[in-house]
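This report introduces a protein structure to a reader who has not met it before. The sequence and the structure are shown first, and a description follows.

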Amino acid sequence: VTAGVIYLFWTARRVGTGYYDGKSLEIVEIAGLYWHFVDLVWVFIFAFFFLVSLNCYLLVEEQGHPLRRNLILSVSLLSFIFALFAKEQAVILPFILLLIERYVPSENTLSSPTSSRKKDILRYRTLSLYFFVVIGFFLVRKILTHSPGMVPLQFDAEFWLRIKSIPRTVLTYLRIIILPTDLHYYRNMN
């Protein structure tokens with residue numbers, strides 16, 4: 001990413017000085033294509049860490065030994081943090097996990113409902129860690145961007161736009177996975 005930013009800055013500076021006037025602009029197109037490649041790589045990095053986090057969370061319940069359970073949970077939380085830093089759309093993961101916990105019955109619930117009460121409490125406590133990571137992520141981001149502190153229940157328009165974009169992003173990814181059309185690079189030669 002750093003190399004791409006330096007390359008784009010160098011190309012933009014040369015365009016600004018008029019270096020490419022009357023010359024071929026292939027180098028400018030190559031710089032743009034490289035940046036699109038970097039963006040595509042970030043999407044795959046996001047998807048990888050998002051899916052690793054989801055998979056590890058689903059494996060936690062199957063582990064009998066507490067040390068192994070904590071290790072897998074730690075890998076899941078760390079992958080979730082990496083997914084958040086790759087793309088902020090990863091904030092949807094705790095909500096997906098909440099839906100899974102609420103509507104997908106586990107084997108323990110089907111076998112003995114009374115003994116599963118303690119396990120349900122443990123699962124929801126585990127799930128709360130993901131929500132704390134999201135809150136921590138937004139607080140750290142606010143501090144690092146030197147923004148004024150958050151006023152309770154008062155968010156800027158950008159926050160609400162990001163929240164509204166989450167379902168659209170998920171639906172777009174699902175559409176691309178299920179019905180992959182128009183994924184080619186098309187350049188008009190006219």
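A residue is called buried when its relative accessible area is under 20%, and exposed when that area is over 50%, with partly exposed in between. In this predicted model, buried residues account for 23% of the 190 residues in the protein.

**Overall fold**

The secondary structure consists of 7 helices and 0 strands. Along the sequence, the pattern reads α-α-α-α-α-α-α.

**Salt bridges**

Side chains of opposite charge can pair when their charged atoms come close. The structure contains 2 salt bridges, which are set out below.

| Salt bridge | Closest N to O distance | Location of the residues |
|---|---|---|
| R141 and E88 | 2.9 Å | R141 in helix α6, E88 in the loop between α3 and α4 |
| E101 and R123 | 2.6 Å | E101 in helix α4, R123 in helix α6 |

The salt bridge between R141 and E88 links distant parts of the chain, its two residues being 53 residues apart. Helix α6, which holds R141, covers residues 116-144, while the loop that holds E88 runs between α3 (66-86) and α4 (93-103). R141 has a relative accessibility of 27% and therefore counts as partly exposed.

The second salt bridge joins the side chains of E101 and R123. Because E101 lies in helix α4 and R123 in helix α6, this pair ties together parts that are 22 residues apart in sequence. Both E101 and R123 are buried.

**The largest pocket**

The largest pocket has a volume of about 850 Å³. Of the 22 residues that line the largest pocket, V43, F44, A47, Y173 and I176 are the closest to its centre. The elements that contribute two or more residues to this lining are α2 (26-60) and α7 (157-178). Helix α2 gives the most, with 10 residues. Which classes of residue make up the lining of the largest pocket? By class, the lining has 16 nonpolar, 4 polar and 2 charged residues.

**A nonpolar surface patch**

On the surface, L171, L174, I177, I178 and L179 make a nonpolar patch of about 570 Å². One of these residues, I178, belongs to helix α7. I178 counts as exposed because its relative accessibility is 69%, and the cut-off for that class is over 50%. Helix α7 thus appears in two parts of this description: α7 gives two or more residues to the lining of the largest pocket, and α7 also holds I178 of the nonpolar surface patch.

Conventions
Residues are numbered from 1 along each chain as its sequence is written. This is a predicted model: local features need pLDDT of at least 70, side-chain atom pairs count only at pLDDT 80 or more; totals for chains, interfaces and linings use all residues. Side-chain values use heavy atoms; hydrogens and water are left out. On a 1 Å grid over the protein atoms alone, a cavity is a set of points where a 1.4 Å probe fits but cannot get out, and a pocket is an open set with protein on both sides within 12 Å along at least five of seven lines; lining residues have an atom within 4 Å of a point. Grid points are joined across faces, edges and corners, and a volume is the space filled by probe spheres set on the points. Helices (H or I, at least four residues) and strands (E, at least two) are DSSP runs, numbered from the N terminus. Ala, Val, Leu, Ile, Met, Phe, Trp, Tyr, Cys and Pro count as nonpolar, Asp, Glu, Lys and Arg as charged, and the others, Gly among them, as polar. Patches are made of residues with over 30% relative accessible area and no salt bridge: like charges are joined within 9 Å, nonpolar side chains (Val, Leu, Ile, Met, Phe, Trp, Tyr) within 5 Å. Accessible areas come from the Shrake-Rupley method with a 1.4 Å probe; for residues, only the protein chains shown count as cover. A salt bridge is a side-chain nitrogen of Lys or Arg within 4 Å of a carboxyl oxygen of Asp or Glu. Buried means under 20% relative accessible area, exposed over 50%, partly exposed in between (1.4 Å probe, protein chains only).
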